[in-house]
Amino acid sequence: MAKQTKINWSKHSQLIVPLLSIALIVLFNAFRDPSFFSIEITTNNAGSTVLTGNLISILNGASELAILAMGMTLVTAACGGQDISVGALAAIAGSVFVKVLRAGEITPVTIALGFVACCVVAMAFGAFNGTLVSAFKIQPMIATLVLFTCGRSVAYWINGGATPTVESPLINAIGSFIPGVPVPTPILIVIVTAIVLALVFRFTSLGLYTQAVGINQRAARLNGINTTMIKLLSFMILGVCCAIAGVIAVSRLSLINHETLLLDIEMDAILAVAIGGNALSGGKFKIAGSVLGAYAIQALTITLYAMKVPSTDVKAYKAIVIILIVVIGSPVVKAKLSQLWKKIKEGKQGKEAVRA
Amino acid sequence: MQNDVVLSMRGIGKSFPGVRALHNVDFTLRKGEVHALMGENGAGKSTLIKVLTGVYTKDAGTIHMDGVEGEVIIRSPQDAQQAGISTVYQEITLCPNITVAENMFIGRGKGALVKWKDMEKRAGEILQSLGIPARPKQQLGSCSLAVQQMVAIARAVDMDCKVLILDEPTSSLDDKEVAMLFSLMRDLKSRGVGIIFVTHFLEQVYAVSDRITVLRNGELVGEYEVKDLPQVELVSKMMGKELEGLSDLVRDDTPVADTSTPVYEAAGLSSAKGVNPFDFAIRKGEVNGFTGLLGSGRSESVRAIFGADRVTGGKVMIDGKSVKVGKPIDAMKQGIGYLPEDRKDDGIIADLSVRDNIILALQVEKGFFHPFSQAEAEAFADEYIKALEIKTASSDTPIKSLSGGNQQKVILARWLLTHPKYLILDEPTRGIDVGTKTEIQRLVRKLAEEGMSVTFISSEIEEMLRTCSRLIVMRDRHIVGELRGTELTQDNVMRTIAGGGD
Amino acid sequence: MKNNNLKRREPLTDTQLLMTITIGIFFTMYFAAMAIWGGGFLRWQQVFDMLNNNAALIIVACGLTVVMIGGGIDISVGGVTALVVMSCIVHMNNGGSIFTAALLALGIGVGFGLVHGFLISYLEIQPFIITLAGMFFARGMTTIVSLEPQKIAHEGFQQLMKTKIEIPWLGYIAKKGNLIPARMEIGVVIALLIVLIIFFVLRKTRLGRNFYAMGGNSQSALMLGVNVKRTRFYSYLISGVLSGIAGFVFMMHTGAGNATNAAGAEMNAIASAIIGGTLLSGGVGNVIGTLFGTLTLTTIKAIVTTSGLRDPWWQSITTGAMLCFFILLQSVVLSNRGKGGLKKMVPQWMKITQKD
């Protein structure tokens with residue numbers, strides 16, 4: 001029994017880093033302001049009972065990031081590189097969604113139609129990125145630079161200029177609360193997405209194939225895996241994630257602003273993957289880690305906001321956190337540290353030997 | 001005579017954890033000679049070269065050079081260069097994007113500025129005097145591989161090298177290019193440069209070398225004048241078997257009547273990796289082998305069978321029916337399995353668990369949408385861990401933390417799990433302990449008895465003779481012979497490998 | 001061997017070939033624009049305006065070219081430029097002199113260059129992550145320095161801004177019949193000077209050639225005796241310094257600073273360098289090509305506007321399309337290199353016929 005728990009623990013050791021980061025932030029806040037975590041039950045403008053509080057806003061605010069981090073983890077694992085166009089792609093998807101909704105009346109059917117349309121468009125753009133990466137062997141970050149450069153303009157173009165709005169209680173239900181449900185809908189969407197993804201992993205060999213391609217592409221090919229296809233697939237799944245994130249972001253504000261929608265989220269998504277203990281050079285991955293990483297980032301952001309740091313300055317602090325993480329993770333530093341550790345150990349043993 | 005010696009290495013020893021790579025090896029190089037360094041895999045050639053070029057530091061022994069008082073200390077590649085030892089590797093270690101002249105002079109000399117005119121003039125002179133068909137201003141990448149290699153040699157010559165090491169320079173060259181390289185080598189010889197020539201091609205050794213030093217298992221076998229050492233004797237020295245007294249190993253099984261339809265049959269098969277079109281067939285329950293020295297094309301041939309390299313031509317028949325095998329998955333669907341030669345780069349998925357590594361091939365065959373359940377995978381893994389006695393803490397352990405032999409067994413398990421009709425094993429016993437080796441050999445015989453067709457490749461002839469009932473002999477990427485039944489003697493095999501010279 | 005071997009015309013190197021393609025495309029486009037739309041395109045002032053508006057971009061792109069030739073990437077350049085602009089304006093508005101502002105600009109650039117160079121070359125961390133963090137840090141710092149848009153109040157500097165070099169013989173006769181001379185800003189002189197200096201460094205100095213060798217094959221470069229780590233360090237240092245100078249030049253052009261200054265400059269600079277024939281994989285490229293890359297990009301934008309596609313999104317969509325075209329072109333060139341494929345792409349008249 002004891003042995004069993006030990007094995008399980010080592011299996012999930014990857015999650016230590018994100019859990020530790022969250023714990024640190026929680027501890028910090030607990031000392032700074034104990035009321036930080038209080039959850040209140042209030043009645044919102046629409047008259048329904050809802051949950052509010054910092055904790056809820058962390059969970060709620062990180063929704064898009066968590067969903068993007070899931071897809072980003074797959075791309076990272078399969079290609080050993082990252083997609084920097086996710087923000088732009090989410091803007092495109094959001095625009096398509098809005099375009100479809102504005103074509104007629106907003107009903108559950110048109111919303112479903114809009115969602116399918118933006119998924120298809122986002123998957124097509126994902127396939128474009130994936131083709132550049134897998135067939136033309138361009139580094140992922142460079143390949144996705146194209147869409148990064150022009151994606152938001154494409155989003156602008158789709159809606160022909162303005163920042164169109166989509167007003168409807170149905171959209172509010174997606175962006176904030178479903179009447180009668182006290183939990184913000186984006187949180188529910190994250191849970192649904194996670195379950196769907198879990199089912200995909202359960203009923204296909206996606207996990208095994210992706211890791212095999214990411215760790216040893218040559219061996220994967222010799223075992224009959226179509227490595228090009230797997231990379232393409234990872235980008236298309238990320239495309240769907242972008243579509244979902246785009247829809248949430250649009251629904252929150254009931255409008256699409258191509259320039260500010262999920263701005264700079266690509267960096268946070270990559271950071272979430274890294275904090276989640278996944279190697280940015282690809283290979284083994286744990287999506288749960290990335291999701292936890294996403295919440296850790298959001299917790300950090302909300303904490304900084306709570307400390308009255310202006311939202312524009314948050315970037316600078318995040319940059320420092322990123323640098324710290326990658327420096328500690330750098331092989332050179334790791335080697336130096338383990339050398340140092342060895343020396344200390346040897347020194348101790350030496351002293352003990354002398355004593356003996 | 002002694003004055004001619006430009007380099008003398010005495011009693012060189014070098015060990016790595018668990019392996020003694022070199023033990024008490026002597027090597028002498030004279031002015032103006034081409035000295036071939038020969039040996040099979042693991043003989044210690046590359047270790048010796050690396051000791052000489054400062055990549056490794058030796059554990060024991062001394063190195064002396066002409067014109068240097070006392071011992072020569074070589075701790076880094078830079079030290080070696082300063083001592084006048086230059087190396088040209090099989091892979092071009094030049095930059096393809098800059099000009100020929102720059103490649104000859106970059107990283108040398110002082111001053112902040114590049115004197116293009118002087119540099120190009122000097123480069124032109126050297127290239128012309130060595131008869132190298134390259135122009136100084138030409139981008140290196142636009143030269144053929146042979147010319148690139150020659151440019152690397154020209155760089156070495158200009159750096160006043162006394163000892164030039166050519167480490168398998170001809171592996172990727174065609175006949176004409178090899179001839180060009182040889183004429184350059186002869187030219188350098190006449191200028192008094194001592195050349196150490198490492199190659200796997202026997203004919204080339206005899207075409208250009210004056211002397212041969214043979215290593216085996218990290219020890220010196222001997223130094224010979226080329227004219228005193230016939231090709232077949234060289235092979236026997238590399239393989240470690242004397243020609244006399246081998247006939248007792250003759251096997252007594254007579255060839256089986258070959259009337260059944262072959263399980264696998266190929267005609268005129270060729271691949272992008274430069275193997276010449278070949279015909280091949282294997283019958284049910286047969287164990288055959290591809291033999292030949294390293295680089296003879298034995299691995300490339302089986303890779304072509306499995307579709308591991310891009311197949312460029314030929315017909316394939318499985319059980320008499322014509323099929324197309326262009327990629328590994330095609331071969332797998334036809335019931336072919338392939339254990340690659342390079343376990344680390346082509347075989348294991350290092351970070352994945354033993355279990356995932358075992359089920360990988362079968363999972364791919366079964367299809368993307370039909371994953372094994374955890375329980376099924378566990379059952380498969382446990383079955384084979386037990387059957388092959390794989391030593392691992394659990395099926396969850398990452399394969400990279402297993403020993404080489406156990407990793408190999410995992411890869412073997414991966415293919416056995418797919419129950420192939422035809423299994424190709426390329427050097428399954430390389431770099432693993434003796435116990436596991438015999439286990440694998442026994443397993444191969446057993447599988448054949450159960451009706452599986454197996455192709456078995458090994459650098460050790462003895463092992464091949466023990467396991468195979470038919471041997472296909474390759475030399476310089478051609479099939480040069482096929483031995484079966486009573487013809488299967490070490491003597492015969494070596495003569496066929498060596499070819500020509502008696 | 002014949003003696004006239006040395007006097008034969010050499011086929012173009014990859015660098016020269018890609019640069020030639022770009023320059024060819026630029027002139028074709030420009031002359032086509034002159035023929036079709038005439039008007040502004042016929043005046044020299046059009047060229048000078050292109051230079052006036054893009055002096056800072058040219059400088060930044062030069063730094064990026066150096067980094068990219070060495071096989072790396074630096075996407076912090078836009079952020080650093082913005083930080084320099086804001087810091088210098090705040091400094092001068094608080095009584096600093098032009099000279100100390102220039103020192104400050106250089107100092108910030110050097111600082112970023114040093115940190116990037118150290119982390120990337122000596123700790124061997126992926127350049128993309130480090131410089132992305134650098135960009136975030138710089139952008140965050142910009143708003144920390146001042147969230148409010150700042151306008152330069154320093155009189156001496158305003159004088160400097162207004163100073164323009166007039167070139168009468170390249171001017172044109174206005175409708176009223178008076179001659180309007182072509183005007184060029186001081187920043188352009190600085191930018192062109194930097195192009196020349198970097199061209200000299202890349203062409204004539206050992207360091208410059210080491211950049212090429214390192215980008216071509218860093219392993220080989222190491223074997224050939226190049227100090228790869230130090231060379232890489234210098235490439236990021238140069239890029240940092242040039243971003244600093246670019247910030248100063250940017251300030252001389254706009255005279256105002258706000259948080260979104262030089263937004264997207266990094267991607268424009270990368271696009272300029274790529275279009276100018278710099279390979280992302282390193283080892284191939286030239287600042288003259290980059291200069292023309294910038295001009296090509298600007299010309300395209302001008303053409304897009306002139307041709308009636310006035311909607312704001314067309315510019316960056318065209319940029320993205322151009323970028324994609326050049327990335328694919330380079331991928332094809334790359335995959336054919338070594339197979340003699342590149343040779344086949346060289347027109348017949350450039351080839352030398354091997355007679356023997």
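Modeller: Let's fix one term before we start: two residues are in contact if their C-beta atoms, placed from the backbone, lie within 7 Å. This is a predicted model, in which local features need pLDDT of at least 70 and side-chain atom pairs count only at pLDDT 80 or more, while totals for chains, interfaces and linings use all residues. Residues are numbered from 1 along each chain as its sequence is written, with chains lettered from A and ligands numbered from 1 in the order in which they are written.

Colleague: OK, among contacts in chain A between residues at least 6 apart in sequence, what percentage join residues at least 24 apart?

Modeller: The pool here is contacts in chain A between residues at least 6 apart in sequence. Of those, the share that joins residues at least 24 apart is 77%.

Colleague: What radius of gyration does chain A have?

Modeller: The radius is taken over C-alpha atoms, and the globule rule is 2.2 Å times the number of residues to the power 0.38. For 356 residues a compact globule would come out near 21 Å, and chain A agrees with that at 22 Å.

Colleague: And how far apart do the C-alpha centres of domain 1 and domain 2 of chain A lie?

Modeller: The bounds come from an automatic or database domain assignment. They put domain 1 of chain A at 2-308 and domain 2 at 319-356. The whole C-alpha trace of chain A spans about 85 × 55 × 45 Å along its principal axes. Between the C-alpha centres of the two domains of chain A there are 36 Å.

Colleague: Which element gives the most to the side of chain A that touches chain C?

Modeller: On the chain A side, 34 residues are in contact with 34 residues of chain C. The elements giving two or more residues are H7 (140-143), H8 (145-158), H16 (314-329) and H17 (331-355) of chain A; helices (H or I, at least four residues) and strands (E, at least two) are DSSP runs, numbered from the N terminus. With eleven residues, the top contributor is H16(A).

Colleague: By class, how many nonpolar residues does that side of chain A have?

Modeller: Ala, Val, Leu, Ile, Met, Phe, Trp, Tyr, Cys and Pro count as nonpolar, Asp, Glu, Lys and Arg as charged, and the others, Gly among them, as polar. The side of chain A that touches chain C has four polar and four charged residues, and its nonpolar count is 26.

Colleague: Over which residues near the end of the numbering, 338 onwards, is the pLDDT of chain C below 50?

Modeller: pLDDT is the predictor's confidence in each residue, from 0 to 100, and chain C averages 85. It stays under 50 over residues 1-7 of chain C. Where pLDDT is low, the predicted coordinates should not be read in detail. The other stretch of chain C below 50 is residues 338-356.

Colleague: How many residues of helix H11 of chain C are buried?

Modeller: Buried means that 20 or more other C-beta atoms lie within 10 Å of a residue's own, exposed 12 or fewer, and partly exposed in between, with C-beta atoms placed from the backbone. Among the buried residues of H11(C) are Glu266(C), Asn268(C) and Ile274(C). H11(C), residues 265-275, is mostly covered, and its buried count is eleven of eleven.

Colleague: Which residue stands opposite Leu423(B) in E17(B)?

Modeller: Strand E16(B), residues 422-426, has five of five residues buried, so it is largely enclosed by the rest of the structure. Two strands pair if DSSP finds at least two bridges between them: E16(B) pairs in the parallel sense with E15(B) over four bridges, and five bridges join E16(B) to E17(B), also parallel. Opposite Leu423(B) in E17(B) stands Val454(B).
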